[in-house]
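Me: I am new to this structure and would like a close look at a single part. Please take the packing of one helix against its partners and go through it step by step.

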Amino acid sequence: MPGVTQQPAKSKRDAVARLAGELRSGRVYRREDLLPFSTAVDRHLRELVDGGSLAKLAQGLYYVPRRSRFGMLPPDEEELVAAFLRDKEFLLFSPSAYNSAGLGATQLYNRTVVYNHKRHGVFKLGNRQFDFRMKPRFPKKLSPEFLFVDALNNLGDLAEDQAALLERAQGRAASFDRKRLLRAVESYGSMATKKRLAAWLHA
């Protein structure tokens with residue numbers, strides 16, 4: 001009978017539609033966030049991905065595409081990282097931001113660093129790579145003093161002339177607010193950075 005074969009298909013479509021109805025454009029979701037809205041979440045997620053109304057970013061991580069006239073917009077980096085970590089305690093930045101610390105750095109870096117308390121390593125989320133680094137301490141937001149200290153901490157990782165950058169950094173150190181710079185180096189500086197800045201500031 002037609003009704004016998006059609007009812008399961010209709011019920012299946014309704015279940016997928018119910019899950020889709022809980023999703024909001026531009027949001028990032030973890031699989032476990034969606035468990036309350038589906039009795040077969042993996043199958044329903046797969047169907048939504050196949051249908052283009054959901055994008056899979058990584059294992060257990062999904063994005064509801066937000067579209068513009070230019071095409072699909074990428075997820076917000078802050079929301080993406082917060083969903084991946086299940087945590088909002090992190091600091092996200094590009095090493096290109098070191099340029100704003102007045103060091104005369106010239107390179108642009110096509111990567112995003114995430115200081116956090118949970119994960120370490122390079123992870124691909126969607127079409128972007130994030131360099132997660134576990135740190136015991138980091139500020140809630142970037143400041144010139146933090147960037148100056150952090151650039152010195154990571155001198156060996158930067159695609160710069162190290163001798164020239166150090167010379168510029170030594171000349172730049174005295175131009176910072178001394179108290180703020182000392183707080184930054186005490187809180188976030190490596191031992192080598194602390195020794196270097198102590199010598200510069202007391203020269």
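Reply: What follows describes helix α7 and the two helix contacts listed for that part, in a model that is predicted.

Two packed helices are described by the angle between their axes and the distance between the axes. Helix α7 covers residues 191-201, and helix α4 covers residues 144-153. The two pack at an angle of about 120°, with their axes 9 Å apart. Angles of 65 to 115 degrees count as roughly perpendicular and those over 145 as roughly antiparallel, so α4 and α7 are oblique to each other. Their crossing is right-handed. On the α4 side the contact is made by F148, V149, L152 and N153, and on the α7 side by T193, L197 and W200. Sorted by class, this contact of α4 with α7 has five nonpolar and two polar residues, and no charged ones.

The other partner is helix α5, residues 162-173. Here α5 and α7 pack at an angle of about 55°, and their axes lie 9 Å apart. This pair, α5 and α7, is therefore oblique too. The crossing of α5 and α7 is right-handed. From α5, the residues L166, A169, Q170 and A173 meet R196, L197, W200 and L201 of α7. The contact of α5 with α7 divides into six nonpolar residues, one polar and one charged.

Two residues of α7 appear in both contacts: L197 and W200 meet α4, and L197 and W200 also meet α5.

Note on methods. Residues numbered from 1 in each chain as written. Predicted model: local features only at pLDDT ≥ 70, side-chain atom pairs only at ≥ 80, totals over all residues. Heavy atoms only, no water. Axes fitted to C-alpha atoms, helices over the stretch in contact; angles between N-to-C directions. Helix = DSSP H or I, 4+ residues; strand = E, 2+ residues; numbered from the N terminus. Parallel < 35°, antiparallel > 145°, perpendicular 65-115°, else oblique. Left-handed = near helix turned anticlockwise from the far one by under 90°. Contact = heavy atoms within 4.5 Å. Nonpolar A, V, L, I, M, F, W, Y, C, P; charged D, E, K, R; others polar.
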